[in-house]
Amino acid sequence: MYGMEKETKMEPEASSFPPTFSVSEIKNKQRRHLMFMKLKQEKRKQKMQLKKKKKKEREALGDKAPPKEVPKTIENQRVYDETTVDPEDEEVAFDEGTDEFSAYFNGLTNPQVLITTSDRPRGRTMRFCRQLATVIPNAHVYYRKGLALKRIIPQCVARNFTYLMVVNEDRQVPNGLVLCHLPDGPTAHFKVSNVRLRKEIKRRGKDPTEHSPEVILNNFSTRLGHSIGRLFAALFPQDPQFVGRQVATFHNQRDFIFFRFHRYIFKNEKKVGIQELGPRFTLKLRSLQKGTFDSKFGEYEWVLKRHEMDACRRKFQL
């Protein structure tokens, strides 16, 4: 037939992957999920191939290979804080020599800790307090029945206690901690989360002994963090008994303070392991108050303002 052109069969184009459109545009839920998983698997394959290629290049170059790139994390991208403490700063040394903890660090006082709770605590909170008393030497647990803290503090000072620790609870779960240094303060208020008692920790060791533990304080770098670190350090005696092989760790990471209690396990002359004893918990500083506890007329050195201070994820207070 005149003008008739030969029909050419259209060959299907090779489907390109990843797709040129957004996966979220797919309306069908199952198809969208399947496409997302394929895309994720393809990216993983490409990443592994690139990793193997770089490894072969490093092996081929040997000593001439360029240094490995340091991965970017929130910690190493941290915004510089003007209050970061320099250990050789004369002003910091003077403040440490005249602050509320100077008597402890000069060896003039021995820590004595009174641990109590909110009114009429439940069983889990009391077990948590008793286990804290086995971690902190010279700690005593007091069951509180409606007695105000303003009446407890003068009694603690009269009996030579250096700390008052109050564990608060909500729905039978510990959720707050008030740590008051006596007799002149300061007082810190923490939020408590992720509490694990000894029975809830897998592969835990035997109950701790009465030996004074070592204390490790990590990443308390600012002036505020330095004060909180000294507040924790003054809870324990300055002369740890290394025979007990016990260590208490306060690790600050992104303004969350993780507490762990371990025991050294010497496998041989070269290898050393650690065994967690418990309890474990996480602290988040809410406020730091001058002097002893006073909820109405107390003067606050620092108060957490979440919407202002947590706006930038790379800026930390401790």
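How many cavities of 30 Å³ or more does the structure hold? In this predicted model, the count comes to 2. The larger space is a good place to begin. The largest cavity encloses about 100 Å³, and 13 residues line it. Closest to its centre are Ile-136, Met-165, Leu-235, Phe-250 and Phe-281. Three elements each give at least two residues to this lining: helix H4 (123-135), strand E4 (173-181) and strand E10 (280-289). The lining of the largest cavity is nonpolar throughout, with 13 nonpolar residues and no polar or charged ones.

The second largest cavity has a volume of about 60 Å³. Its lining is made up of Asp-255, Lys-284, Leu-285, Trp-302, Leu-304, Asp-310, Gln-317 and Leu-318. By class, these residues of the second lining comprise 4 nonpolar, 1 polar and 3 charged.

Attention now turns to the strands, with E8 (residues 256-266) as the guide. Strand E7 (residues 246-253) runs antiparallel to E8, and 8 bridges join the two. Within this pairing, Asn-252 has Ile-257 of E8 as its bridge partner. The hairpin of E7 and E8 has 2 residues between the strands, and Arg-254 there adopts a positive phi near 55°. E8 also pairs with strand E9 (residues 272-276), again in the antiparallel sense, over 5 bridges. His-262 lies opposite Glu-276 of E9, and the hairpin formed by E8 and E9 leaves 5 residues between them. A further antiparallel partner of E8 is E10, to which 4 bridges connect it; here Phe-258 faces Thr-282 of E10. E10 thus appears both in this pairing and among the elements that supply the lining of the largest cavity.

Which charged side chains meet across the fold? Side chains of opposite charge can pair when their charged atoms come close. In total, 8 salt bridges are counted. One of them joins Arg-230 to Glu-96, with 3.8 Å between the closest N and O atoms. Arg-230 belongs to helix H6 (residues 223-233) and Glu-96 to helix H2 (residues 90-98), so this pair ties together parts that lie 134 residues apart in sequence. Arg-230 counts as buried because its relative accessibility is 10%, under the 20% limit. Glu-96, at 25% relative accessibility, counts as partly exposed. The pair is also part of a network of salt bridges that links Glu-96, Asp-99 and Arg-230.

A second salt bridge brings together the side chains of Arg-144 and Asp-119, at 3.4 Å from N to O. These two sit in distant parts of the chain, 25 residues apart: Arg-144 is in the loop between strand E2 (139-141) and helix H5 (149-158), and Asp-119 is in the loop between strand E1 (113-117) and H4. Arg-144 is classed as buried at 11% relative accessibility, whereas Asp-119 is partly exposed, with a relative accessible area of 39%.

Another such contact pairs Asp-294 with Lys-150, whose closest N and O atoms are 3.4 Å apart. Asp-294 is found in the loop between E10 and strand E11 (300-303), while Lys-150 is part of helix H5, so the bridge ties together parts 144 residues apart in sequence. In this pair, Asp-294 counts as buried at 18% relative accessibility, and Lys-150 is partly exposed, with a relative accessible area of 46%.

Key:
Residues are numbered from 1 along each chain as its sequence is written. This is a predicted model: local features need pLDDT of at least 70, side-chain atom pairs count only at pLDDT 80 or more; totals for chains, interfaces and linings use all residues. Side-chain values use heavy atoms; hydrogens and water are left out. On a 1 Å grid over the protein atoms alone, a cavity is a set of points where a 1.4 Å probe fits but cannot get out, and a pocket is an open set with protein on both sides within 12 Å along at least five of seven lines; lining residues have an atom within 4 Å of a point. Grid points are joined across faces, edges and corners, and a volume is the space filled by probe spheres set on the points. Ala, Val, Leu, Ile, Met, Phe, Trp, Tyr, Cys and Pro count as nonpolar, Asp, Glu, Lys and Arg as charged, and the others, Gly among them, as polar. Two strands pair if DSSP finds at least two bridges between them. A salt bridge is a side-chain nitrogen of Lys or Arg within 4 Å of a carboxyl oxygen of Asp or Glu. Buried means under 20% relative accessible area, exposed over 50%, partly exposed in between (1.4 Å probe, protein chains only).
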